[in-house]
Amino acid sequence: MKKNMIYRIKSVIAIIGITLMLNGCDDFLNTEPDNRLQLDDIEQVQALLVNAYPEGSWLFTEWMTDNVGLTPNDIFLPHMVEIYSFEDVTEKMQDTPTYYWTSAYRAIAHANQALDALDQLASADPDHEKALRAEALICRSYAHFMLVNLFAKPYDPQTASSDLGIPYVKDIERELIVQYTRNSIAEVYELAEKDLLEGIELKQQSSEKYYSAIKYHFNMNAVWGYASRFYLFKKDYQKCIEYSNKLLGAGYNPSFIKDFSKVNVGHPTRNAQRFTAYDDASNLMLARIEVFAHPFYQIGYRLSFDIFNQIFFQDQSDVRGVQSFIGNQARTVVYLPKHHWAVKDNAFPYMIVTQFRGEEVFLNRLEALLLSGKTAEMEQQLAQFVANRYRATGETLAYEDFYREYTGTLYPNHTKNETLLKIILDERRREFVDEGLRWLDIRRHMLIPIQHEDINGVVHTLTEDKLTMQIPADAISKGLEPNPSKQPMNNIP
């Protein structure tokens with residue numbers, strides 16, 4: 001991927017203003033805006049866009065969910081303890097909110113620089129230019145979308161126009177210091193949607209032939225996956241169904257549902273490689289993200305045996321859980337090999353992770369169908385998914401038996417629609433454990449309180465006022481308004 005060019009561009013790219021204002025880093029103070037590297041051909045723009053995807057991980061959100069619990073014999077790092085205790089995080093290292101915030105705005109700056117360069121270039125290949133412009137717009141949309149869903153309240157159409165969002169940055173900085181303000185959540189969604197839809201239109205008009213590893217970019221299937229998530233979170237259920245159908249078709253489509261019989265069949269490292277396999281159709285988009293402690297199940301509060309058995313309540317028949325690698329009994333940890341971990345050339349450790357999966361699109365659509373009143377259609381597709389994911393004495397589990405488990409044992413006093421929503425959210429929890437989505441679902445559906453007991457026996461409770469992480473203290477110190485009812489993170493400048 002022209003690695004030398006990428007690193008050279010990255011070292012001098014136009015992120016001075018956005019970095020100073022939003023991230024509090026002053027490493028670039030000696031680089032004047034007019035001295036930045038000029039991108040003078042379309043290949044350089046394509047190389048630049050490799051960096052328009054956040055390198056930081058937001059999987060730290062898993063440590064705030066009901067997917068983790070007391071693992072007393074593990075090693076506990078300060079930031080993992082703070083996250084598990086629902087406290088503001090003082091570290092800036094990998095696996096922290098500040099690290100993700102910084103990497104997301106850095107990705108946005110690269111997307112903006114690419115768009116600016118494309119405006120200046122007279123390309124001899126309009127198709128290539130459209131493909132790159134589409135990628136830059138969609139990358140900019142996605143990074144802002146994830147930031148607003150981590151550092152602002154969940155989207156509520158009744159209050160989104162007044163709720164604090166995050167700064168939506170569309171321009172490169174031509175001044176050394178730029179003052180930013182927080183857009184409302186409604187404005188962030190509006191601008192992200194505009195970028196997304198313009199990107200989709202350009203993408204449909206252009207080719208993907210310019211990419212040698214298209215699944216590490218916003219390929220068309222990944223774009224449908226992002227649009228499906230975007231509109232579900234925006235509570236526009238008809239559009240969620242529409243964009244989900246563009247990937248899956250109108251009915252149940254097993255082509256985008258992972259076959260676990262081909263994943264968990266051996267050593268955990270190999271299982272993780274198979275889970276994130278490039279040629280697995282369910283993996284719509286992959287990413288290489290920088291991490292520190294996340295890959296090690298021996299560090300921090302993790303998925304315990306007790307919680308594992310709660311999540312996979314039919315653990316002898318759920319194909320997602322029955323073949324999991326089980327950690328040392330003394331550590332009481334269950335390890336689900338989903339992320340391919342590696343270190344190269346003494347650099348930061350990194351993982352290959354799935355950014356979008358076909359199963360998410362399918363479950364997004366189930367939720368949208370249910371909440372838009374299309375219950376029969378939703379149940380028909382759910383029954384096919386249950387048959388794929390569960391086994392009973394070597395055969396598929398009948399949907400009627402699965403549903404009876406909920407109405408007779410788990411939620412006997414719920415209405416049918418309430419029960420079906422519980423099933424969908426539970427299936428999302430089982431499907432995406434250790435992939436970060438549980439935190440977003442907890443926020444969207446107010447699945448609280450959640451209680452975490454630490455190694456000292458102290459119980460920490462997740463309440464509504466703790467569902468939104470505070471923006472980094474460095475950003476607050478540069479003038480950004482903090483989230484209400486939360487104290488700034490005490491980051492060390």
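The following paragraphs describe a sheet, two helices and several aromatic contacts in a predicted model.

The sheet is open and consists of 3 strands in the order β1-β5-β4, with antiparallel pairing. Its edges are formed by β1, which covers residues 283-290, and by β4, which covers residues 340-342, each of these strands pairing on one side only. From one strand to the next, the twist averages 30°. Between β4 and β5, the latter comprising residues 350-357, the antiparallel connection is made by 3 bridges, and within this part of the sheet His-340 is found opposite Ile-352 of β5. Strands of a sheet may pair in a parallel or an antiparallel manner, in either case through backbone hydrogen bonds. Helix α12, which spans residues 358-371, lies across β1 and β5, and runs at about 35° to β5.

Helix α5 extends over residues 97-120 and thus contains 24 residues. The distance from its first C-alpha to its last is 35 Å, which is close to the 34 Å expected at 1.5 Å a residue. Helix α5 is also mostly covered, with 21 of its 24 residues buried.

Aromatic contacts form a further feature of the model, in which 31 aromatic pairs are present. One of these pairs joins Phe-218 and Tyr-226, whose ring centres are 6.0 Å apart and whose planes meet at 40°; because this angle falls between the limits of 30 and 60 degrees, the pair is classed as tilted. Both Phe-218 and Tyr-226 are buried. A second example is provided by Phe-308 and Phe-312, where the centres lie 5.1 Å apart and the planes stand at 50°, so that this pair is likewise tilted. Phe-308 has a relative accessibility of 6% and therefore counts as buried, while Phe-312, with a relative accessible area of 1%, is buried as well. In general, such a pair of rings is described by the distance of the centres together with the angle of the planes.

Charged side chains are also placed over aromatic rings. Lys-215 lies over the face of Tyr-278, at 5.8 Å from the ring centre, and the charged end of Arg-288 sits over the ring of Tyr-350, at 3.9 Å from its centre. The latter contact involves the sheet described above, since Arg-288 falls within the range 283-290 of β1 and Tyr-350 within the range 350-357 of β5.

Notes. Residues numbered from 1 in each chain as written. Predicted model: local features only at pLDDT ≥ 70, side-chain atom pairs only at ≥ 80, totals over all residues. Heavy atoms only, no water. Phe/Tyr/Trp six-rings, centres within 6.5 Å; stacked < 30°, edge-to-face > 60°. Buried < 20%, exposed > 50% of the residue type's maximum accessible area, 1.4 Å probe, protein only. Lys NZ or Arg CZ within 6 Å of the ring centre and 35° of its normal. Pairing = 2+ DSSP bridges. Helix = DSSP H or I, 4+ residues; strand = E, 2+ residues; numbered from the N terminus. Axes fitted to C-alpha atoms, helices over the stretch in contact; angles between N-to-C directions. Contact = heavy atoms within 4.5 Å. Expected span 1.5 Å × (residues − 1).
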